[in-house]
Amino acid sequence: MPNRFIVGNWKMHKTISQAETLIQDILAMYQPHPSVELAVAPPYVALQAVSQLLTNTSIKLAAQNVYAKNEGAFTGEISPAMLKELGCHYVIIGHSERRHLFRESDHIINEKLHAALHHGLQPIFCIGECLEEREAGQTHSVIQHQLQTGLAGLETQDLHNITIAYEPVWAIGTGQAATVEQATEVHAAIRSSLVTHWNMDSTQIRILYGGSVTPENAQALFQSPHINGALVGKACLNSESFVKIAKLAISG
Ligand code: PGA
């Protein structure tokens with residue numbers, strides 16, 4: 001498992017044809033390196049087109065969301081098996097936009113994590129505090145709560161297939177990334193919690209930072225031994241800046 005992992009979350013951007021252009025540009029520019037894994041998360045409707053273009057490449061496909069049930073009368077939802085068949089390797093679960101705009105509770109997120117793992121999809125599990133929570137000194141308790149409730153009922157073995165993304169809500173899409181010190185402090189706390197509560201080997205845990213990551217601030221973030229990579233939003237919509245961030249993640 002490469003110890004650096006960069007994921008591009010395209011959110012609700014790019015039509016199918018625009019998505020094809022973006023991934024073709026990324027593929028033309030990107031030179032894979034064994035220390036870095038790269039994944040992209042296009043919108044649902046572009047997954048098939050992007051999946052085809054990623055065949056026989058090193059870039060992995062991720063979905064931005066999933067529903068927790070296998071099939072049934074759930075209008076508008078997409079199951080883990082559907083994503084698996086499209087070639088998805090990863091799925092983002094618990095993103096702050098899902099939590100806040102779409103009212104996803106810790107319980108729903110826990111169900112989604114279980115369902116994804118059950119179907120062989122590897123979750124990128126997002127956690128993070130809001131500005132008011134940080135200002136009230138609650139960052140650590142919020143993070144611990146999200147970890148405990150989100151990961152409830154999972155075994156150490158399951159956790160080996162999960163990537164954690166620490167995304168402070170106040171840093172997402174604001175241009176105001178956390179400082180290396182702020183991110184490192186929370187990453188270290190997450191890591192020690194996973195070691196203590198889930199008996200994990202700390203070297204087996206990948207924790208990404210997300211929130212206004214750019215080619216300008218990525219290098220400093222990647223110098224922290226606790227930061228294993230980035231979940232990138234805005235900067236991943238431009239092939240040059242996304243590939244630049246991936247290049248900055250090369251280690252060793
Ligand atoms: P941003 O988004 O890079 O635009 O802040 C990150 C995310 O939401 O994952």
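How many helices and strands does the protein have? Show the cartoon: there are 11 helices and eight strands. Both are DSSP runs numbered from the N terminus, with helices (H or I) of at least four residues and strands (E) of at least two. This is a predicted model, where local features need pLDDT of at least 70, side-chain atom pairs count only at pLDDT 80 or more, and totals for chains, interfaces and linings use all residues. Residues are numbered from 1 along each chain as its sequence is written, and side-chain values use heavy atoms, with hydrogens and water left out.

**Whole protein.** Zoom out. The radius of gyration is 17 Å, close to the 18 Å that the globule rule gives for 252 residues, so the protein is as compact as a globular protein of that length. That radius is taken over C-alpha atoms; the rule is 2.2 Å times the number of residues to the power 0.38. Along the principal axes, the C-alpha atoms fill a box of roughly 45 × 45 × 30 Å.

**The ligand.** Select the ligand next. Its shell holds 13 residues (a heavy atom within 4 Å). The closest are Lys11, His95, Glu167, Gly173 and Ser212. By class, the shell has four nonpolar, six polar and three charged residues. Here Asp, Glu, Lys and Arg count as charged, Ala, Val, Leu, Ile, Met, Phe, Trp, Tyr, Cys and Pro as nonpolar, and the others, Gly among them, as polar.

**Ligand oxygens.** Pick Glu167. A side-chain N or O atom of Glu167 is 2.7 Å from an oxygen atom of the ligand. Move to Gly233: a backbone N or O atom there lies 2.8 Å from a ligand oxygen. At Lys234, a backbone N or O atom also lies 2.8 Å from an oxygen atom of the ligand. Taken alone, the ligand exposes 280 Å², and the protein buries 97% of that. These areas come from the Shrake-Rupley method with a 1.4 Å probe.

**Two loops.** Which way does phi usually point? Most residues other than glycine have a negative phi. Select Lys11, in the loop between strand S1 (4-9) and helix H1 (16-29). Lys11 is not a glycine, yet has a positive phi of about 50°. Finish at Asn56, in the loop between helix H2 (47-54) and strand S3 (60-63). Phi of Asn56 is also positive, near 60°.

How values were computed: Polar contact = N/O pair within 3.5 Å; in protein donor to acceptor, adjacent residues only side chain to side chain.
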